[in-house]
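This report looks at the internal spaces of a protein model and then at a few contacts between its side chains. Please keep the sequence and the structure in view while reading.

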Amino acid sequence: MSACAKGFVDCNVHVDVKDYYGKVLKKTSDLKSNACVAPAHPIPAFIQQALKKVHPEVTAKYYGCGLVVPECLEGCRILDLGSGSGRDCYMLSQLVGEKGHVTGIDMTEDQLEVARTYVDYHMQEFGFKKPNISFVQGYIEALTEAGLEKSSFDIIISNCVVNLSPDKKQVLAEAYNLLKDGGELYFSDVYSSGRLPEEIKNHKVLWGECLGGALWWKDLLRLAEEVGFRPPRLVTASVITVDNRELQDVLGDFKFVSATYRLFKVPKGHDKPCQYTFKVDEVVEVDGEVAGILNHSRFAEDFTFQPCGGPHGPCGVKPRAATVDPFELVLQLEKQSPGSATGGCCSTRSATCCK
């Protein structure tokens, strides 16, 4: 075991993960499963354009299971947990603009070296006069010990990294503390169909492949509530296949999905259902949970709202129950047309209204 900043001590899991991502994996094609590979959902054109400007070496060493680009990013301060080679950071640095800032934190020096090498390259590519991005070495279970300030970020993202931590609750608690009031944790990760046995958790390759450390999705809901977040909102979900017979034999009947959730740090009050105008002359009724998020987050200025039964009268669209089970969402999406990749609230609808 080796110590890091201000006394935090990494465990065998951290050592194994650093070895796997620093020495074993050299490029995306070295992965033994598709758990750490982004699913083939359609990517919006503006994100495609941003990704094209990322240096090829940074992209080649990218390992992620989703697309972590929430709405309304201009001017935001963003933290990327487990930023790796920096692909998502460089993509987001374009979207937050010169007045925003992106910080990446990672414990693997080999990955950070790649990310830091290309800071000047990307700032020149983006046409920025000064860097709006920085990279910090540290552990996602000890963010404040790495020198990051509490209540200083609008958004925290993570892409297929939380599963690699041996203490998921501590990761969520640290993220909660670093978010501003109204802030959001928007992250993609791997989830299992049940609690995994020790045989799977102790398998070094499965852990490195983002499967051995996967949370049962119901445990995410519980842990998020315990640290103070509002109930998680499920955005996307995709099935993970393990095209490796040896690994599949160890996994047995357990199923896995990559899923994107968003967790908001907003007051737990008694918000009542409201009518929100998402588009011009389109009034939608939302439940109290969503009303609380919209009222207290960065989206507040992007909506007009009034209590139900106001001037517009009863609205024509009743709030629908949000799906939180990623396996259920996968089944729902299979019945819809290709490209339908979102579920729950604050996903497609909020994207249409942001400035």
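In this predicted model, the second largest cavity holds about 60 Å³ of space. Its lining is made up of Val 162, Asn 163, Lys 168, Leu 172, Phe 187, Asp 189, Val 190, Tyr 191, Ala 214, Leu 215 and Leu 220. Two elements, helix 7 (168–178) and strand 5 (179–192), each supply at least two residues of this lining, and strand 5 gives the largest share, with 4 residues. By class, the lining of the second largest cavity divides into 8 nonpolar residues, 1 polar residue and 2 charged residues.

How many cavities of 30 Å³ or more does a search of the whole structure find? The search finds 2, and the largest cavity contains about 380 Å³ of space. This largest cavity is lined by 31 residues, of which Gly 82, Gly 84, Asp 106, Val 161 and Leu 164 are the closest to its centre. Helix 1 (12–24), helix 4 (87–96) and strand 2 (101–106) are the elements that give two or more residues to the lining, and the largest share, 3 residues, comes from helix 1.

Alongside the cavities, the second largest pocket can be described in the same terms. About 400 Å³ of space lies in this pocket, and among the 22 residues that line it, Lys 168, Lys 201, Trp 207, Gly 212 and Gly 213 are the closest to its centre. The elements that contribute two or more residues to the pocket lining are helix 1, helix 7, helix 9 (204–208), strand 6 (215–216) and helix 10 (217–227), and helix 10 gives the most, with 3 residues. Lys 168 thus appears in the lining of the second largest cavity and also in that of the second largest pocket.

The table sets out the lining of each space by residue class.

| Space | Nonpolar | Polar | Charged |
|---|---|---|---|
| Largest cavity | 13 residues | 12 residues | 6 residues |
| Second largest cavity | 8 residues | 1 residue | 2 residues |
| Second largest pocket | 8 residues | 5 residues | 9 residues |

The next topic is burial within a helix. In helix 5, which covers residues 109–117, Gln 111, Leu 112, Val 114 and Ala 115 are buried. When helix 5 is viewed down its axis, these buried residues fall within an arc of 155°, and therefore they line one face of the helix. As general background, an α-helix has 3.6 residues a turn, so residues three or four places apart point the same way.

Aromatic side chains provide a further set of contacts, and the structure holds 6 aromatic pairs. In one of them, the ring centres of Phe 264 and Phe 299 are 6.4 Å apart and the ring planes stand at 65°, so the pair is edge-to-face. Phe 264 belongs to strand 8 (residues 256–264), while Phe 299 lies in the loop between helix 12 (288–296) and strand 11 (304–307), so the pair ties together parts that are 35 residues apart in sequence. Both Phe 264 and Phe 299 are buried.

Finally, where do Arg 87 and Lys 265 lie with respect to aromatic rings? Arg 87 lies over the face of Tyr 62, at 3.6 Å from the ring centre, and Lys 265 lies over the face of Tyr 176, at 4.8 Å from the ring centre.

How values were computed. Residues are numbered from 1 along each chain as its sequence is written. This is a predicted model: local features need pLDDT of at least 70, side-chain atom pairs count only at pLDDT 80 or more; totals for chains, interfaces and linings use all residues. Side-chain values use heavy atoms; hydrogens and water are left out. On a 1 Å grid over the protein atoms alone, a cavity is a set of points where a 1.4 Å probe fits but cannot get out, and a pocket is an open set with protein on both sides within 12 Å along at least five of seven lines; lining residues have an atom within 4 Å of a point. Grid points are joined across faces, edges and corners, and a volume is the space filled by probe spheres set on the points. Ala, Val, Leu, Ile, Met, Phe, Trp, Tyr, Cys and Pro count as nonpolar, Asp, Glu, Lys and Arg as charged, and the others, Gly among them, as polar. Buried means under 20% relative accessible area, exposed over 50%, partly exposed in between (1.4 Å probe, protein chains only). The arc is that of the directions from the helix axis to the C-beta atoms. Rings of Phe, Tyr and Trp (its six-membered ring) pair if their centres lie within 6.5 Å; planes under 30 degrees apart count as stacked, over 60 as edge-to-face and the rest as tilted. A charge sits over a ring if NZ of Lys or CZ of Arg is within 6 Å of the ring centre and within 35 degrees of the ring normal.
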